[in-house]
Amino acid sequence: MPVVPPTPEELAELGARYGFHFSEADLKSFTGLVEANLAAHNAVERLYARSAPTAPHRDFSWPGDNPLGAWYVRTRIPPTGDGPLAGREVAVKDNIAVAGVPMMNGSRAVEGFVPRRDATVVSRVLAAGGTIAGKAVCEDLCYSGSSFTSASGPVRNPWDPTRQTGGSSSGNAALLAAGEVDFAIGGDQGGSVRIPAAFCGVVGHKPTHGLVPYTGAFPIETTIDHLGPMTRTVRDAALLLAVLAGDDGYDPRQFRTPGPQDYLAAVEQDIRGLRVGVLTEGFGLPVSEPGVDDAVRAAVDRLAAAGAVVSEVSVPWHRDGFDVWTVIGTDGTARQMIDGNGYGMNVSGRYDPELVVHFAQGRRAHGDAMSDMLKTVILTGAHAAERYDMRHYAMARELAWELRAAYDAALTEVDVLVLPTVPYVAKPLPGPDASHEEKMANALAMVGNTAPFDASGHPAISVPAALVDGLPTGLMIAGRRFDDATVLRVAAAYEREVGGFPAPR
């Protein structure tokens, strides 16, 4: 549609935001100058229309039998090639574009959008022989560690349907634990792969930041956006990571990303002599349940029995990492995902103009439907950014280098760090009359151990540690940046030592 130039009155209002004080003569001149400049915007509209993609026709259906609330939409997209995923079915988190299939991203603001292009990870799965089985429900714009904020309704834990699955990759974890799919692709900005993996007793790997291309997934904040595999076994996680990893030439998060490692070979190796550091600050959090801490320490004993050299390691920055992440995740999210309509600006990557417009209009129309978590994040970030001129975001991004350096220093003394993924087992889903404060605590209280590794970019995997009061809990293993192979190697050795992971009955 043609770009409408501003009236002199609109231009005066715009100028006032930037401290411009125009005379009537100034306004007349600048109105003409701006109108002339906007001719380029009209040209871009015409040029883009010549090459804009068209969504392919793909059959899909709304789920009928969906007792866990985990499916958003069902489909069956056959592979485009033959490879290591042949005969395997994959669920895709509903923040990831599957062309021709509806995408909601857990939000009324996105509902009704149909992508025109597959995300890179979807194309890679299909080329490797995998079949896309459908889109899994995720939390409202993927911003919750629990599983009650999606506009489609809560996602229930297969171990106990009255409890949360964790989020924001909530549907993925429920479908895997229930045995409905072989693999899932999740997203992780504050723990959203690892938290539901821990609560549902499956495997969730957050790769090193930039290892897996984020192209075609709905962004939250570029510096903490990750996509990664969720599976029932560590070997499957390594197999899927091998398919997903590697530079796609489009994602700015992949700046100076080294090539993938041989993840499948790594999981076959033993861990005799590997140095495992038990991260002191990951235990005894204010919200920690003693049974969870005990289960994870018992899991560490199994690593020692498998030949690892275990020692206690202190990284005081770990406890500060949550505050660093929080500022990035509020101020950065408010500016990029909300004000920037998902994609923001100033990065050389693939954009989705149709999604940008759909979301911009949707968030204005459906703002009241957003979760309490999102509203709090947006209000916090917008206030801090506007009142304090983005200074805290700039500080937090600088401190993220110090957080990374602290983990890096510890990882010169040991090969991996281990700690509880989540400090407690899955809690009951909040009731309809829960207060704003109760909903916030339910959606955020579990991220203290997971979120710092999103801010630092280190790889981290969650594997089932044990059952505590009949519910799963997770052992998290974190490693050096781009040494995801060693993280998977330790996780696989633990899986062998315990004889595999249990499933809900």
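**Figure 1. Helix 13 and helix 15 at the second largest pocket of this predicted model.** Two helices, helix 13 (391-413) and helix 15 (451-456), each put at least two residues into the lining of the second largest pocket. Helix 13 gives the most here, with 4 residues. The space itself comes to about 390 Å³. Count around the wall and you get 18 lining residues, with His209, Arg253, Trp401, Arg404 and Arg481 lying nearest the centre. Sorted by class, that lining splits into 7 nonpolar, 5 polar and 6 charged residues.

**Figure 2. The largest pocket and the helices that line it.** With a volume of about 870 Å³, this is the largest pocket in the model. Its lining takes in 21 residues, and the ones nearest the centre are Val44, Tyr351, Pro353, Val356 and Val357. Three helices supply at least two residues each: helix 3 (39-51), helix 10 (317-339) and helix 11 (353-365). Which helix gives the most to this lining? That would be helix 11, with 5 residues. As for chemistry, the lining of the largest pocket divides into 9 nonpolar, 7 polar and 5 charged residues.

**Figure 3. The largest cavity, around Pro219 and Pro252.** Rolling a probe the size of a water molecule over the atoms shows where empty space is left. Here the cavities of 30 Å³ or more number 3, and the largest cavity holds about 150 Å³ of space. It has 16 lining residues, and nearest its centre sit Pro219, Pro252, Arg253, Tyr343 and Arg350. If Arg253 rings a bell, it also turned up among the residues nearest the centre of the second largest pocket. The lining of the largest cavity has 8 nonpolar, 5 polar and 3 charged residues.

**Figure 4. The second largest cavity, with no charged residues in its lining.** This one has a volume of about 120 Å³. Of its 18 lining residues, Tyr143, Ser144, Gly190, Ser192 and Trp325 are the closest to the centre. Helix 10 and helix 14 (436-444) are the elements that give two or more residues to the lining. Helix 10 gives the most, with 3 residues; you may remember helix 10 from the lining of the largest pocket, where it supplies at least two. By class, the second largest cavity is lined by 10 nonpolar and 8 polar residues, and no charged ones.

**Figure 5. Helix 1 crossing helix 2.** Two packed helices are described by the angle between their axes and the distance between the axes. For helix 1 (residues 8-17) and helix 2 (residues 24-37), the axes come within 10 Å and cross at roughly 95 degrees. That puts helix 1 roughly perpendicular to helix 2. On the helix 1 side, the contact is made by Pro8, Leu11 and Ala12; helix 2 answers with Leu27, Phe30, Thr31 and Val34. The contact counts 6 nonpolar residues, 1 polar and no charged. An α-helix has 3.6 residues a turn, so residues three or four places apart point the same way.

**Figure 6. Helix 7, largely enclosed by the rest of the structure.** How many of the 11 residues of helix 7 are buried? It's 9 of the 11 in this helix (residues 234-244), so helix 7 is largely enclosed by the rest of the structure. The buried set is Val234, Asp236, Ala237, Ala238, Leu239, Leu240, Leu241, Val243 and Leu244. Look for Asp236 in that list, sitting with the Ala, Leu and Val residues. After helix 7 comes Gly246, with a positive phi near 120 degrees.

**Figure 7. Asn157 in strand 5.** Is Asn157 buried or exposed? With a relative accessible area of 0%, Asn157 is buried. Its place is in strand 5 (residues 156-157). Leaving aside residues up to four places away in sequence, Asn157 touches Leu68, Arg163, Gln164, Thr165, Phe199, Cys200 and Ala426.

**Figure 8. His41 in helix 3.** His41 has its place in helix 3, one of the helices that line the largest pocket. The side of the story told by accessibility is that His41 is partly exposed, at a relative accessible area of 44%. If you pick out Arg480 as well, its C-alpha atom is separated from that of His41 by 45 Å, with the two residues 439 apart along the chain.

How values were computed: Residues are numbered from 1 along each chain as its sequence is written. This is a predicted model: local features need pLDDT of at least 70, side-chain atom pairs count only at pLDDT 80 or more; totals for chains, interfaces and linings use all residues. Side-chain values use heavy atoms; hydrogens and water are left out. Axes are lines fitted to C-alpha atoms, for helices over the stretch in contact, and angles run from 0 to 180 degrees between N-to-C directions. Angles under 35 degrees count as roughly parallel, over 145 as roughly antiparallel, 65 to 115 as roughly perpendicular and the rest as oblique. Contact means heavy atoms within 4.5 Å. Ala, Val, Leu, Ile, Met, Phe, Trp, Tyr, Cys and Pro count as nonpolar, Asp, Glu, Lys and Arg as charged, and the others, Gly among them, as polar. On a 1 Å grid over the protein atoms alone, a cavity is a set of points where a 1.4 Å probe fits but cannot get out, and a pocket is an open set with protein on both sides within 12 Å along at least five of seven lines; lining residues have an atom within 4 Å of a point. Grid points are joined across faces, edges and corners, and a volume is the space filled by probe spheres set on the points. Buried means under 20% relative accessible area, exposed over 50%, partly exposed in between (1.4 Å probe, protein chains only).
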